[in-house]
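This report describes the fold, the cores and selected local features of one protein chain. The sequence and the structure come first.

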Amino acid sequence: MSSLMMNWIVKEEEEGMIVREYLLQGKSLSRSILTDIKFKGGRICVNGVSSNVRTILNEGDNVEITFPDEEISESMSPLNLPLHIIYEDEHYLLVNKQANLPTIPSRHSVGSLAQAVLYYYKKMDLNRTIHAVNRLDRDTSGLVLFAKHRFAHDLLSKQQRSKEMKRMYLAFVHGVVHSDGEVNAPIGRREGSIIERTVRSDGQHAVTKYNVIERHGSYSLLELALQTGRTHQIRVHMASIGHALLGDDLYGGSRELITRQALHSAKLEFYHPFLEETIRFEADPPEDMKRLIQKK
């Protein structure tokens with residue numbers, strides 16, 4: 001497959017900029033990507049002519065970038081696993097992850113979503129490596145977004161840092177939650193554990209907002225929005241206020257009604273930097289969580 005290429009037409013207000021300024025400030029290329037374009041096999045053309053970063057641009061010029069091929073990790077092998085694709089274009093791939101599948105490979109599991117995506121890329125003759133924009137715990141289901149190239153990943157990483165990207169989760173928790181609320185409590189690693197997190201004063205800033213959707217007697221269905229993205233954040237925060245997730249035995253939940261933490265990444269919203277519009281996606285919860293809804 002041919003190398004990734006992108007092109008833009010210089011606008012009136014951009015006339016007089018040099019290529020470096022145009023790409024770094026106008027198109028938000030990172031300095032490291034621009035360096036790789038210059039020294040690792042990429043190319044910059046203005047009106048079809050090979051140019052350098054000091055070229056002065058005029059209104060109407062066609063700036064074309066050829067990105068160098070990305071190195072495919074040999075440590076991650078493609079794996080033929082079911083892949084539920086929600087959305088795809090030349091820049092992004094959005095999938096609905098099943099439970100009991102890690103986002104990226106680990107020493108403790110066979111197979112991962114990333115390996116399934118790598119297999120899909122290979123099948124579609126896409127010479128791409130893995131750029132996971134967000135990740136979910138192994139037993140959390142729902143929306144996971146992959147960027148198909150480094151530039152696309154960089155742009156959404158900036159949105160994550162500025163909190164422009166919005167993610168909403170559904171979770172069943174123990175007990176009756178009487179009102180909407182917010183948990184603002186720092187999260188850090190629990191002493192003596194490499195996996196478990198806990199609320200601790202010297203932890204990282206973490207904020208989770210939640211709304212009550214339904215009450216089912218002994219448990220409640222919540223809609224949750226993350227203001228930060230700490231490991232196990234929803235699970236730790238809800239357990240800290242006495243409402244551990246159903247099925248989450250790591251943080252005090254019971255597996256009587258469901259055999260994994262009842263957590264699903266249900267909605268995702270972000271500004272698509274190439275379409276230049278905000279797009280939104282939803283994924284229904286899987287059957288094990290639907291059965292909890294039907295039990296009321």
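## Overall makeup

The protein has six helices and 16 strands. The model is a predicted one. Along the principal axes, its C-alpha atoms fill a box of roughly 70 × 40 × 40 Å.

Of the 296 residues in the protein, 49% are buried. When contacts between residues at least 6 apart in sequence are considered, 64% join residues at least 24 apart.

## Surface and charge

The accessible surface of the protein is about 15300 Å², and carbon and sulfur atoms account for 45% of that area. Positive and negative side chains number 38 each, with the centres of the two sets 6 Å apart.

## Nonpolar cores

The largest nonpolar core contains 37 residues. Leu23, Phe67 and Leu145 have the most contacts inside this core. Leaving aside residues up to four places away in sequence, Leu23 touches Trp8, Ser28, Leu29, Leu34, Ile44, Val63 and Ile65.

There is also a second, separate core of 31 residues. Among its members are Leu126, Val173, Val177 and Leu245.

## Helix α5

Helix α5 spans residues 233–240, and six of its eight residues are buried, so the helix is largely enclosed by the rest of the structure. The buried residues of α5 are Gln233, Ile234, Arg235, Val236, His237 and Met238. Gly242, just after α5, takes a positive phi of about 85 degrees.

## Helix α6

In helix α6, which covers residues 287–294, the buried positions are Asp288, Met289 and Leu292. Because these residues cover an arc of only 100 degrees around the axis, they lie on the same side of α6. The cover over the buried residues of α6 includes three strands: β9 (166–174), β14 (219–226) and β15 (263–272).

## Asn127

Asn127 sits in the loop that runs between α3 (113–123) and β7 (131–132). Is this residue buried, exposed or partly exposed? Asn127 has a relative accessible area of 33%, so it is classed as partly exposed; the class lies between the limits of under 20% for buried and over 50% for exposed.

Asn127 and Tyr251 are 124 residues apart along the chain, and their C-alpha atoms are separated by 41 Å.

How values were computed. Residues numbered from 1 in each chain as written. Predicted model: local features only at pLDDT ≥ 70, side-chain atom pairs only at ≥ 80, totals over all residues. Heavy atoms only, no water. Buried < 20%, exposed > 50% of the residue type's maximum accessible area, 1.4 Å probe, protein only. Helix = DSSP H or I, 4+ residues; strand = E, 2+ residues; numbered from the N terminus. Arc of directions from axis to C-beta. Contact = heavy atoms within 4.5 Å. Core = buried A, V, L, I, M, F, W, Y, C linked by side-chain atoms within 4.5 Å. Areas by Shrake-Rupley, 256 points an atom, 1.4 Å probe, with all protein chains shown as cover. Lys, Arg positive; Asp, Glu negative; His and termini not counted. Charge placed at Lys NZ, Arg CZ, Asp CG, Glu CD.
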